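Please look through the structure below. A short report on selected sites follows.

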Amino acid sequence: MTGTVGTAENPLRVAIIGSGPSGFYAADHLQRQAGLVVHIDMFDRLPTPYGLVRGGVAPDHQKIKSVTKAYERVATHPSFRFYGNITYGSDLTHADLARHYHAVIYAVGAQSDRRMDIPGEDLPGSHPATEFVAWYNAHPDYADFKFDLSQENVAVVGLGNVAMDVIRILASSPEELAATDIADYALEALRNSRVKRIYVLGRRGPAQSAFTNPEIKELGELAEAEVIVAPEEVALDPVSQQFVDSGADKSATRNVEILKEYAARGGSGKPKQIIMRFCVSPTELSGNGQVESVKLVKNALVADDKGNLKAKPTAETETLPIGLIFRSVGYNGVALPDVPFDAKRGVIPNDHGRVLTAAGSGQNVVGEYVVGWIKRGPSGIIGTNKPDSIETADCLLADLQASALNAPAQPDRAALESLLRERGLQAVSYADWLLLDEAERQRGQERGAPRRKFWRVAEMLDTINQRKGQ
Ligand code: NAP
């Protein structure tokens with residue numbers, strides 16, 4: 001019976017797996033329900049909260065990171081608990097969650113990358129942009145990755161905002177980077193970088209770019225790098241021109257204007273060049289034990305039956321000498337143990353956030369919900385997650401009303417905490433995180449940076465324990 005769930009005697013117990021924006025927006029919405037007594041336990045496999053705000057947002061975008069103030073309000077609510085350093089699937093299983101919670105919300109994001117599926121893609125020197133992003137953001141799983149920054153010619157494939165972040169980090173001066181919370185080791189590696197030319201390879205045209213106006217503008221404001229756009233690269237095909245002239249998508253119109261401004265500017269002689277190329281697709285990476293070149297095919301833009309312009313390869317090809325390439329062609333979701341997965345879309349199949357037994361089955365899994373990129377795919381900015389998470393949380397609340405949640409055998413928090421203790425797990429609480437946060441900020445002062453991140457889990461736990469002992 002779940003009829004009285006949500007009262008002081010029988011609080012609604014919700015587990016949220018993942019502590020990024022989508023998880024926090026779901027928690028926030030549940031906490032805001034007048035008269036509902038809800039205990040939220042949020043789990044993260046890392047000791048640190050905030051998901052992509054910490055591990056994805058570029059280090060020079062500190063303003064965006066200030067969104068965590070809102071998450072801090074949620075996390076310091078008396079009935080909320082953060083359990084960092086606890087991995088779903090191994091430390092805590094699906095069966096454990098069913099025993100302890102009325103509802104589970106999966107908020108794990110998209111933890112892998114899409115591929116280009118071309119020959120040579122796995123040669124050394126060819127990397128997903130997502131790995132580089134996690135590396136420069138001090139994600140513990142990526143701290144030991146190596147990127148050959150002794151190369152002068154680098155390519156970045158894709159025209160999204162992740163591509164823009166990667167390009168900016170590659171093209172920034174050491175002074176620009178030192179003022180950010182970039183990982184110490186990444187700052188050091190980039191200080192010694194010999195990268196001179198960054199080719200940006202878009203499969204469609206300027207009007208179809210996925211980046212947003214501030215991000216393309218920022219590339220033109222770097223101390224040591226300039227954007228090179230050949231005038232013929234921004235000469236639009238008639239359909240794109242009509243689209244831009246119609247003003248239907250103001251962001252696309254402005255993107256084209258900014259690119260045309262770059263084309264008109266010409267070179268200014270800064271040491272690094274960001275060379276924008278449109279309507280080209282990599283078809284092969286070649287090299288002797290390491291990427292040495294990328295073969296490109298020129299694309300024509302062709303309207304499909306819905307009027308969308310698609311890239312269609314022509315017979316024209318060229319080869320660019322490069323020694324390092326990042327594919328920034330999107331993130332991809334990863335299946336969780338014992339949770340349905342739609343491998344085709346890289347998401348947990350769902351109906352407005354209710355987990356389905358399989359894509360299109362129409363049958364939901366009782367008490368299981370999903371939010372964020374693992375719900376809808378890897379698109380949208382941080383704020384996009386707010387309405388997305390509210391939609392899911394509203395489904396959960398409707399199921400609560402309908403007494404259609406899970407009926408856990410041990411819904412009290414003490415039982416969950418004793419389970420973690422029995423398993424010898426050191427969960428990091430939100431108060432613990434605040435100690436680590438303070439330590440990182442203090443370390444940052446030495447460098448004039450907002451923080452200097454720890455990147456080893458053991459070091460994070462030691463720091464917390466030391467500070468607790470003080
Ligand atoms: P994205 O915005 O979806 O961009 C992916 C890019 O990859 C597109 O240009 C796409 O081109 C291209 N692409 C896909 N498959 C390709 C292929 N096989 N060959 C060549 N190009 C290919 O994805 P994202 O950059 O990973 O960003 C994910 C989300 O996070 C986006 O919503 C983004 O705005 C957001 N984000 C925001 C910020 C910020 O606000 N500053 C920063 C980072 C990320 P087509 O258009 O032709 O498909």
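## Asp 388 and its polar partner

In this predicted model, the side chain of Asp 388 makes a polar contact with the side chain of Arg 376, at 3.4 Å. Asp 388 belongs to helix H14, which spans residues 385–401. Its relative accessibility is 9%, so Asp 388 counts as buried. The cut-off for buried is under 20%.

Arg 376 also appears in the wider contact list of Asp 388. With neighbours within four places in sequence left aside, that list holds Val 371, Gly 372, Lys 375 and Arg 376.

## Arg 451 in the loop between H16 and H17

Arg 451 sits in the loop between H16 and H17. Is Arg 451 buried or exposed? Its relative accessibility is 10%, so Arg 451 counts as buried.

Two polar contacts of the Arg 451 side chain involve acidic partners by name: Asp 437 and Glu 440. The contact with the side chain of Asp 437 is at 2.7 Å. The contact with the side chain of Glu 440 is at 2.8 Å.

Residues up to four places away in sequence are not counted in what follows. Arg 451 touches Trp 433, Asp 437, Glu 440, Arg 441 and Gly 444. It also touches Arg 54, Thr 180 and Asp 181. Asn 308 offers a separate reference point: Arg 451 and Asn 308 are 143 residues apart in sequence. In space, their C-alpha atoms are 44 Å apart.

## Packing of H16 on H17

How do two packed helices get described? By the angle between their axes and the distance between the axes. Helix H16 covers residues 430–445, and helix H17 covers residues 457–469. They pack at an angle of about 100 degrees, with axes 9 Å apart. Angles of 65 to 115 degrees count as roughly perpendicular, so H16 is roughly perpendicular to H17.

From H16, the contact uses Asp 432, Leu 435, Leu 436, Glu 438, Ala 439, Gln 442 and Arg 443. From H17, it uses Glu 459, Met 460, Thr 463, Ile 464, Arg 467 and Lys 468. The residues of this contact divide into five nonpolar, two polar and six charged.

## Ligand surroundings

How many residues surround the ligand? There are 20, and the closest are Leu 159, Arg 203, Arg 204, Glu 215 and Gly 380.

Individual atom pairs add detail. A polar side-chain atom of Arg 204 lies 2.8 Å from a ligand oxygen atom. For Leu 159, a backbone N or O atom lies 3.0 Å from an oxygen atom of the ligand. Asn 161 places a polar side-chain atom 3.1 Å from an oxygen atom of the ligand.

## Helix H7

Helix H7 runs over residues 161–171. Nine of its 11 residues are buried, so H7 is largely enclosed by the rest of the structure. The buried residues in H7 are Ala 163, Met 164, Asp 165, Val 166, Ile 167, Arg 168, Ile 169, Leu 170 and Ala 171.

## Val 108 in a strand-to-strand loop

Val 108 lies in the loop between strand E4 (103–106) and strand E5 (112–113). Its relative accessibility is 14%, so Val 108 counts as buried.

Which residues does Val 108 contact, leaving aside neighbours within four places in sequence? They are Ile 17, Leu 336 and Ile 374. Val 108 and Asp 44 are 64 residues apart in sequence. Their C-alpha atoms are 8.7 Å apart in space.

Notes. Residues numbered from 1 in each chain as written. Predicted model: local features only at pLDDT ≥ 70, side-chain atom pairs only at ≥ 80, totals over all residues. Heavy atoms only, no water. Helix = DSSP H or I, 4+ residues; strand = E, 2+ residues; numbered from the N terminus. Buried < 20%, exposed > 50% of the residue type's maximum accessible area, 1.4 Å probe, protein only. Polar contact = N/O pair within 3.5 Å; in protein donor to acceptor, adjacent residues only side chain to side chain. Contact = heavy atoms within 4.5 Å. Axes fitted to C-alpha atoms, helices over the stretch in contact; angles between N-to-C directions. Parallel < 35°, antiparallel > 145°, perpendicular 65-115°, else oblique. Nonpolar A, V, L, I, M, F, W, Y, C, P; charged D, E, K, R; others polar. Near = heavy atom within 4 Å.
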